[in-house]
Amino acid sequence: MKNIPEEFAPQPWQTGGTERDDFAPAIQLDYGALMGRLARNWYWFVLAIAACIGAAWLHLRYATPVYQARTTMLIQEQSGGQGGLSKQVIASELGFENTYVIDNEIYMLRSHYLMERVVNLLGLDISYIHLGSVRDIEIYQPKNFGLVLLDTAATVVAGGSDESIQYGSVMVRFDNANTFSLIRYGGDTTSVAYGEPFQIGNRNFAMAVDPNDVPYDDQAIYQVNVMNPFNVASGYQGSLGVSQVGKSGVVGMTLMDPVPQKAKDILNALVTVYEQQIVEEQSETGGKTLAFLEERLDYVTDELYEVESDVANFKRSANLTVDLQSQGADYLAQMNTADAQLAELQIRRDLIQDISNTLEQTGDGYEMLPVSSEIISGVLAQLITEYNTLIFEREQRLESVTPDHPMMATYNEQLEDLKRNIDRSVRSLLRETNERVAKIEERIRPLQAQMNRMPANEQRMLQIMRQQTIKQNLFMFLLEKREEAALTIAAQVPNTRIIDRASSSSVPISPNRPAIYLLAIGMGLFVPGSVIFLRELLGTRIGTEKEIMKFMPYPVVGRIIKTSDHHQVIVTKTNRNGAAEAFRLLRTNLGFLLSNDQQSSVIMVTSSVSGEGKSFIATNLSAALALSKKRVVVVGLDMRKPKLAEMVTDEKLDHKATGLSNYLIGKSTYEEILRPTAQEGLSLITSGPLPPNPAELLMEDRMATLIENLRRDFDVVILDAPPVGVVTDGLLMKEFVNITLFITRIGVTPKKSIGYINEMIEAGKLPRVNLVINGINPKASYGYGYGYYE
């Protein structure tokens with residue numbers, strides 16, 4: 001055998017190596033080949049990036065810009081002027097952070113109730129949209145026109161029942177200084193005068209305009225939307241962000257909206273209604289105390305009037321015109337001091353009893369309790385303040401959730417705990433107050449006994465004056481407390497302080513132009529890249545030459561480039577293109593594999609599946625060998641899908657013409673099936689009529705005789721065998737074949753067949769296997785190579 005270059009030397013098959021064990025063509029990936037394929041498909045990336053940038057431009061052209069407004073305020077915990085210990089104070093003393101209060105306030109700022117009040121305050125349930133050719137623009141609080149609601153109550157239908165409010169939209173066009181066109185969605189257009197009523201939903205409205213600046217634009221159309229305030233509040237509630245700044249009491253609020261001024265107004269209005277809510281909560285608690293004091297003051301006033309009448313009547317009836325003796329006056333002064341203390345305790349006891357009665361009357365419900373820091377102080381006052389605050393928060397949250405909500409169960413549990421604590425404190429304080437009243441009454445008894453020893457008229461006068469003094473002191477005490485309570489209610493201030501008034505960003509935060517363009521470029525790279533990657537990763541066919549050489553470690557004797565003339569002989573004396581030269585190189589490489597002492601060589605050309613170009617390569621290889629002055633015969637061994645005859649000869653041979661199958665069944669002789677061709681030195685044996693049992697025919701002794709005759713008469717015998725990955729016909733030629741040319745084609749050879757082919761080669765079923773790689777792109781590889789011949 002001649003010396004074989006290293007690149008064509010046979011490579012041993014390593015059965016125990018990892019290359020075989022790790023063989024998994026379906027998931028193996030050649031990154032070098034992948035990068036090469038990405039580079040070759042650069043134009044898809046350019047097109048995809050251009051398309052994505054165009055789509056991004058269109059999106060930005062029609063997208064509505066959204067701005068963000070921001071405000072910050074400080075929320076301070078109110079002590080309520082109460083003494084004693086609270087949960088917040090105890091937690092602070094123990095070193096724990098108190099976030100409960102600020103969390104509650106943040107939740108209240110996010111509540112639907114407050115946002116709905118903002119919507120009603122700013123009139124956001126009516127919107128004006130200018131319908132543009134590119135995009136629609138909202139007109140916030142237009143200066144020279146606006147919709148006015150004429151109905152102040154719910155619409156009443158026949159029968160007297162209230163009908164729920166209905167909402168809707170209309171379009172208007174300001175035609176002239178006196179009328180405008182009302183366009184409804186049904187296509188009905190009506191000319192309406194300014195101030196004239198018209199209906200939207202089931203309510204009457206009128207269009208009001210500024211007489212000094214009447215809108216006039218018969219081309220512009222405005223859409224007027226009358227919406228449900230609840231739904232509008234829900235929309236703004238979703239775009240509202242409220243967060244605590246660090247661990248401080250500072251709260252930051254943000255709101256996103258296409259109209260920056262509206263976003264600022266909403267945040268400012270939200271702060272306003274939040275402060276109003278705090279004042280309302282404090283005023284409601286103070287109102288309970290004020291009502292209690294008013295009730296007691298009316299009662300004491302009546303009693304004082306009766307006592308003063310008794311004093312005047314007794315002096316007149318007893319003809320008393322002088323003051324009491326000094327001893328009686330001293331007794332009266334001591335009695336007045338004790339009576340004043342007793343009166344305060346009785347007021348306190350009445351208030352405590354009223355709290356106890358309120359708790360009993362509410363049962364399973366909850367009602368705010370009266371409290372006055374001047375009458376009741378300490379732990380009870382703190383508990384009542386917490387109780388009233390919790391009731392207020394619960395009522396506010398019931399605006400947005402049902403009583404069965406899990407959050408309400410938490411509130412109810414906390415209120416029940418506070419109610420039990422208040423009840424215990426009330427009982428303890430009431431017992432303490434009764435004991436103090438009893439002690440003062442014991443101090444009064446000796447004085448009362450001494451007064452009983454005085455003359456009757458003087459004694460009676462002292463008793464009446466004592467009652468007068470008691471009522472006067474009690475009246476003045478209640479009057480003072482009522483004024484203090486009224487002053488407290490009037491002077492209520494929220495526990496908030498604005499740090500930064502609402503301000504809006506000068507540029508929209510959405511859409512983000514740089515981010516969208518970057519995303520478009522990224523998508524332009526990702527989409528074609530991912531498609532190519534997935535095709536490379538999940539493809540069922542071998543896509544590169546490196547992949548073939550990696551999974552089929554056999555000598556490569558030929559590389560055939562792509563050609564459009566794949567159904568005919570392209571190797572001629574005059575043809576010097578790249579494909580023809582590739583076959584001449586294949587012929588040269590085969591010369592290194594064939595020994596000089598062999599009179600003739602049998603070369604079998606096969607592949608794994610149909611369509612890999614074995615007949616095309618067998619035909620042109622035989623033509624290349626014939627041009628080198630060798631006697632060559634090419635045998636159509638594929639008696640299932642024969643294609644050889646129409647490639648080798650220009651004549652149109654009938655499939656039923658005499659061929660190999662006729663010879664194998666004994667109906668034709670050797671001389672009858674051997675056909676000369678137009679090319680000197682090249683003969684052809686066609687497949688003949690398609691037999692029902694090709695494999696069995698090849699096993700006949702006549703096939704061995706045919707090969708022996710062909711070896712005698714020709715230098716090279718080329719067998720065009722059917723794919724060994726599909727049928728076993730080619731494997732039956734093992735004893736006759738000197739070299740097996742296994743054809744693989746890039747983009748056609750299936751990955752799943754490689755393992756099966758390797759097993760057959762390893763088992764020795766195919767002798768001296770050498771690879772021929774078909775379908776190579778001359779512009780994608782090998783630099784100088786085939787491009788030289790183009």
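The following paragraphs lead through a predicted model of a single chain, from its overall composition to selected helices, surface patches, long-range pairs and salt bridges.

The chain contains 22 helices and 21 strands. Of its 790 residues, 45% count as buried. Among contacts with a separation of 6 or more, 80% are made by residues 24 or more positions apart. The chain exposes about 40500 Å², and carbon and sulfur atoms supply 52% of this area.

Near the start of the numbering, helix α2 spans residues 31-40 and includes G32. G32 is partly exposed, because its relative accessible area of 44% falls between the limits of 20% and 50%. Although G32 and K546 are 514 residues apart in sequence, their C-alpha atoms are 9.0 Å apart in space. Helix α3, residues 42-62, contains W42. With a relative accessibility of 55%, W42 counts as exposed. W42 also belongs to a nonpolar surface patch of about 570 Å², which is made by W42, Y43, W44, V46 and L47.

Helix α6 covers residues 112-122. Its buried residues include H112, L114, M115 and R117, and V118, V119 and L122 are buried as well. After α6 comes G123, which has a positive phi, near 70°.

Helix α8 runs over residues 260-318 and holds E295. E295 is exposed, since its relative accessible area of 57% is over the 50% limit. On the surface, E295 gathers with D298, D302 and E306 in a patch of negative charge.

A contrasting case is found in helix α11, residues 406-452, where T433 is placed. T433 counts as buried because its relative accessibility is 1%, which is under 20%. When residues up to four places away in sequence are not counted, T433 touches L345, R348, R349 and I352.

Another threonine, T572, lies in the loop between β14 (556-561) and α15 (578-593). At 32% relative accessibility, T572 counts as partly exposed. Leaving aside residues up to four places away in sequence, T572 touches R584 and L627. A separation of 8.8 Å is found between the C-alpha atoms of T572 and Q679, which are 107 residues apart along the chain.

The charged side chains form a further topic. Side chains of opposite charge can pair when their charged atoms come close. In this model the count comes to 14 salt bridges.

One of them joins D257 and K262, with the closest N and O atoms 3.4 Å apart. Both D257 and K262 are buried.

A second salt bridge is formed by K614 and D720, whose closest N and O atoms are 3.2 Å apart. This pair links distant parts of the chain: K614 is in helix α16, residues 614-627, whereas D720 is in strand β19, residues 716-720. The two residues are 106 residues apart. K614 is buried, because its relative accessible area of 7% is under 20%. D720, at 2% relative accessibility, likewise counts as buried.

In a third salt bridge, the side chains of R640 and D729 meet at 3.0 Å, N to O. This pair, too, links distant parts of the chain, its members being 89 residues apart. R640 lies in the loop between β16 (632-636) and α17 (644-648), and D729 lies in the loop between β19 and β20 (739-745). How is accessibility assigned to the two partners, R640 and D729? R640 counts as partly exposed at 35% relative accessibility, while D729 counts as buried at 0%.

Salt bridges that share partners also join E138, D257 and K262 into one network. The D257 and K262 pair described above is thus accompanied by E138 within that network.

Technical notes
Residues numbered from 1 in each chain as written. Heavy atoms only, no water. Helix = DSSP H or I, 4+ residues; strand = E, 2+ residues; numbered from the N terminus. Buried < 20%, exposed > 50% of the residue type's maximum accessible area, 1.4 Å probe, protein only. Contact = heavy atoms within 4.5 Å. Areas by Shrake-Rupley, 256 points an atom, 1.4 Å probe, with all protein chains shown as cover. Patch = residues over 30% accessible without salt bridge, like charges linked within 9 Å, V, L, I, M, F, W, Y side chains within 5 Å. Salt bridge = Lys/Arg side-chain N within 4 Å of Asp/Glu carboxyl O. Lys, Arg positive; Asp, Glu negative; His and termini not counted. Charge placed at Lys NZ, Arg CZ, Asp CG, Glu CD.
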